[in-house]
Every structure is written in structure tokens, then in C-alpha cells.
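Colleague: Hey, got a minute to walk me through this one? I'd like to start with the rings.

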Amino acid sequence: MDLTGEERIVAPRDTVWKALNDPEILKACIPGCESLERISDTELAAVVGVKIGPVKARFKGKVELSNLNPPQSYTISGEGTGGIAGFAKGGADVTLIDEGAETVLAYVVNADVGGKIAQLGSRLIASTSKKLATQFFENFNAAVSGG
């Protein structure tokens, strides 16, 4: 499942890039994020609680940054296990485009789930994934632009 979109952020591209690489800002913006800690320059450890329909799961996993092209783009990908609920993995290709005093953050998100949560049906999973991605990018926009 792929989701695409963009956020127009009232901040210079360098500011947006720094925020995309700041674990504290990311933690505050990721819905359900309990912890996000830097392991290396390109790896983070995360714990995220998510509710998909009737299933509530707590995923523990790693997030990796790749295809780094500062301050224009990168790929963020992660994989986590949620115990009996199953697993989730996915990522996003993020591109930053200068537009005057604003930065356009364009993204393509992909997600895959397995185990008990995969039995909930693709519509529910897709709508929840879209909601969580939209919420993250809106939170991120507000955090960076001060909105």
C-alpha cells in the first residue's frame, strides 16, 4: 500500500532538514511514539503504540535513514514487531523543495503488515495508515513552522 502527499511548511529547507533528523522532534510528531533514540547517524530505535480497529499493539523496532541527499531528500524505513498482533514495516521517500520562504515536503509512504493485524482487512489498515501518515506530517509541519 502506497500513500503520497505533500506538506507546505513555512520554514527554510535547512530548518526542515534539521527537524527531519532530530529524534526529539520526530518523537513528538509520530502518533503513539513512546520512545525514539538515536543508535547511530543513520539508525534509531523506536517504540510506538498503535490502535488499528479493535487491535491495540505496541511495536518495538528500528528505523533507518538511507539515500541521504542533504538537505534535499532521504528515505526513512522501519520495521517493528508487536508481539501477538504481528509486525509492521514500511518507509517513506521524503523530498524537500524550496519555494520562496516555504519548503514543500513531498512524500511517498509505503506500509506492510502481517499477523493478527493483517486479518483486519486492507480497507481498515489503509485508512488507519493514511490517518497516521497525515497526522505525522501535520504535527511535523506545526512543530517546524511554529503553527
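**Rings and strands**

Modeller: Sure. A search of the whole structure turns up four aromatic pairs. Rings of Phe, Tyr and Trp (its six-membered ring) pair if their centres lie within 6.5 Å; planes under 30 degrees apart count as stacked, over 60 as edge-to-face and the rest as tilted.

Colleague: How do W17 and Y74 pair up?

Modeller: They're tilted, at 5.3 Å centre to centre with 55 degrees between the planes. W17 lies in helix α1 and Y74 in strand β5 (residues 73-81), so the pair ties together parts that are 57 residues apart in sequence. Helices (H or I, at least four residues) and strands (E, at least two) are DSSP runs, numbered from the N terminus.

Colleague: Are W17 and Y74 buried or exposed?

Modeller: Both are buried. Buried means under 20% relative accessible area, exposed over 50%, partly exposed in between (1.4 Å probe, protein chains only).

Colleague: Before we go on, what sort of model is this?

Modeller: It's a predicted model: local features need pLDDT of at least 70, side-chain atom pairs count only at pLDDT 80 or more, and totals for chains, interfaces and linings use all residues. Residues are numbered from 1 along each chain as its sequence is written, and side-chain values use heavy atoms, with hydrogens and water left out.

Colleague: Back to helix α1. What does R13 touch, leaving aside its neighbours within four places in sequence?

Modeller: R13 is in contact (heavy atoms within 4.5 Å) with P71, Q72, L96, D98 and T103. R13 sits in α1, which covers residues 13-20, and counts as buried because its relative accessibility is 18%.

Colleague: And which rings form a cluster?

Modeller: Y107, F136, F137 and F140 are linked by ring pairs. Y107 counts as buried at 10% relative accessibility, and F137 does too, at 5%.

Colleague: New topic: how do β5 and β6 pair?

Modeller: β5 and strand β6 (residues 87-99) run antiparallel over nine bridges; two strands pair if DSSP finds at least two bridges between them. S73 stands opposite T95 in β6. Their hairpin has five residues between the strands, and G83 takes a positive phi near 60 degrees there.

Colleague: How many bridges join β6 to β7?

Modeller: 13, and those strands run antiparallel. D93 faces V108 in β7. In that hairpin, two residues lie between the strands, and G100 has a positive phi near 65 degrees.
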